[in-house]
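User: I'd like to learn how to read a model like this one, feature by feature. Could you walk me through it?

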Amino acid sequence: MKRRRENEIFSISFLDVITCGFGAIILLLIIAQPGRPPVLEEAPDPLEGVIRDLQQQLFTIRGEATVLNRDLNAKREQLSRHKERVARLQQELNETEQRIASVADESAINAAVKGRLELALQELTEEMQRLLGENQFEKSEYIGGIPVDSEYIIFVIDTSGSMFQYTWNRVLEQVNHILDVYPEVKGLQIMNDMGDYMFSNYRGQWIPDTPARRRVILNRLRTWNPFSNSSPVEGITEAIRTYGSRDKKISLYVMGDDFTGQSVSQVVEIVDKLNPKDEAGNPLVRIHAVGFPVLFSQPRYMQNSVIRFATLMRELTRKNGGAFVGLNDFR
């Protein structure tokens, strides 16, 4: 009996040990199971936000690059236009310098010729005085057949673009020559072909003739360029209406290169009414004219107005006691 009890106790303990061992193995397998635990909720990826930001910056940079390229192309076109303008201005500058050089050369030649002529005139005068005696000379009132006995002088000058751009230096020379012909007069007046006065404060009055005033007139004339319609009619009529007088000897000098009016005969009739003659055939104002052949350097179809100017001036000067001088060269 006693031996059977010992066998039962051993059997139960053995089973407990085996059971605990299997339980421990199962527990170890559960604890040490490989792999990730199940994901209940995915966490947001922080790189996606960075990528979106970089993409947005890329789109912004591309837009700015497009705008900058457009502005760059516009600046390049503007620079190209500026370069073309600079090239044109440089060419005009070179042409102007060449004209100035040619004018300087011509002035030097004219000065030399004038000096020789003055010397020859002096020698001739001395010889004539020796042969005829000093008392044989009388003051002449004519130069080249043109009477220069006037006491008042009016200039009507065409200030159009063709005159001011191409022959203005020659205009200054002619005005200076005419003033030299009249060493002293009682009054002067300067207006353009539209009847606009050079000195508005002397409108309707005579400018006193002094050496200083003559210098002022010539200096002002260098840059004087009021609007002109290339027709001397307005200036001529303004001068005769305002200054024509029987008790004054007045000469009117018209300077221009073309006539854009409609009718030569109509202008002649108007001047005949404004500038009647006295019993001796003397008009109120003696009219002279100087023609500058600027448009003769242009194509033939542009020369009609200069021919009409010459026709008009020839008739006006012939009928009003003056002379028309057509220059051979406007330079």
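User: Where does Ile 25 lie?

Analyst: In a predicted model like this one, start by placing the residue in its element. Ile 25 sits in helix H1, which spans residues 2-31.

User: And is Ile 25 buried, exposed or partly exposed?

Analyst: Look at the relative accessible area. For Ile 25 that value is 47%, so Ile 25 is partly exposed.

User: Which residues make the nonpolar surface patch?

Analyst: Phe 14, Leu 15, Ile 18, Phe 22, Ile 25, Ile 26, Leu 29 and Ile 30 make a nonpolar surface patch of about 840 Å². For the wider surface, the protein chain exposes about 22,900 Å², with 56% of that supplied by carbon and sulfur atoms.

User: How many helices and strands are there, and how much of the chain is buried?

Analyst: The chain has eight helices and seven strands. Of its 331 residues, 31% are buried. Contacts add another view: among those with a separation of 6 or more, 80% are between residues 24 or more positions apart.

User: How do I read the buried side of a helix? Take H5: which residues are buried there?

Analyst: The general idea first: an α-helix has 3.6 residues a turn, so residues three or four places apart point the same way. Now the case. In H5 (residues 211-221), the buried ones are Arg 214, Ile 217, Leu 218 and Leu 221. They cover an arc of only 95° around the axis, so they are on the same side of H5.

User: What covers the buried residues of H5?

Analyst: The cover includes strand S3 (152-157), helix H4 (168-181) and strand S4 (187-192).

User: There's an arginine in that buried set. What does Arg 214 form a salt bridge with?

Analyst: With Asp 209; the closest N and O atoms are 2.7 Å apart. To read a pair like this, check the accessibility of each partner. Arg 214 counts as buried at 12% relative accessibility, and Asp 209 counts as buried too, at 17%.

User: How many salt bridges does a search of the whole structure find?

Analyst: Eight. One of them links Glu 173 and Arg 170, with the closest N and O atoms 3.6 Å apart. These two are three residues apart in helix H4, which means they are separated by about one helical turn. Arg 170 is buried, with a relative accessible area of 16%, while Glu 173 is partly exposed at 25%.

User: What about Lys 248: which residue is its partner?

Analyst: Asp 247, and the closest N and O atoms are 3.8 Å apart. Lys 248 is partly exposed, with a relative accessible area of 26%, and Asp 247 counts as exposed at 62% relative accessibility. Salt bridges can also share partners: in this way Asp 149, Lys 249 and Arg 286 are joined into one network.

User: Back to helices. Which residues of H7 are buried?

Analyst: Val 264, Val 267, Val 268 and Val 271. Seen down the axis of H7, its buried residues fall within an arc of 100°, so they line one face of the helix. Their cover includes H6, S6 and helix H8 (304-319).

User: Now a loop. Where is Pro 276 found, and what does it touch?

Analyst: Pro 276 is in the loop between helix H7 (264-274) and strand S6 (285-291). Setting aside residues up to four places away in sequence, Pro 276 touches Arg 246, Asn 282, Pro 283 and Leu 284. At 34% relative accessibility, Pro 276 counts as partly exposed. It also pays to compare sequence with space: Pro 276 and Asn 320 are 44 residues apart in sequence, and their C-alpha atoms are 8.8 Å apart.

User: What about backbone angles: what is the phi of Ser 230?

Analyst: Positive, about 60°, although Ser 230 is not a glycine. Ser 230 is found in the loop between H5 and helix H6 (233-243) and is buried, with a relative accessible area of 12%.

User: Last one: where does pLDDT stay under 50?

Analyst: Over residues 134-140, for which the model has three contacts beyond four places in sequence. For the chain as a whole, the average pLDDT is 82, and 78% of the residues score at least 70.

Notes
Residues are numbered from 1 along each chain as its sequence is written. This is a predicted model: local features need pLDDT of at least 70, side-chain atom pairs count only at pLDDT 80 or more; totals for chains, interfaces and linings use all residues. Side-chain values use heavy atoms; hydrogens and water are left out. Buried means under 20% relative accessible area, exposed over 50%, partly exposed in between (1.4 Å probe, protein chains only). Helices (H or I, at least four residues) and strands (E, at least two) are DSSP runs, numbered from the N terminus. The arc is that of the directions from the helix axis to the C-beta atoms. Contact means heavy atoms within 4.5 Å. Accessible areas come from the Shrake-Rupley method with a 1.4 Å probe; for residues, only the protein chains shown count as cover. Patches are made of residues with over 30% relative accessible area and no salt bridge: like charges are joined within 9 Å, nonpolar side chains (Val, Leu, Ile, Met, Phe, Trp, Tyr) within 5 Å. A salt bridge is a side-chain nitrogen of Lys or Arg within 4 Å of a carboxyl oxygen of Asp or Glu. pLDDT is the predictor's confidence in each residue, from 0 to 100.
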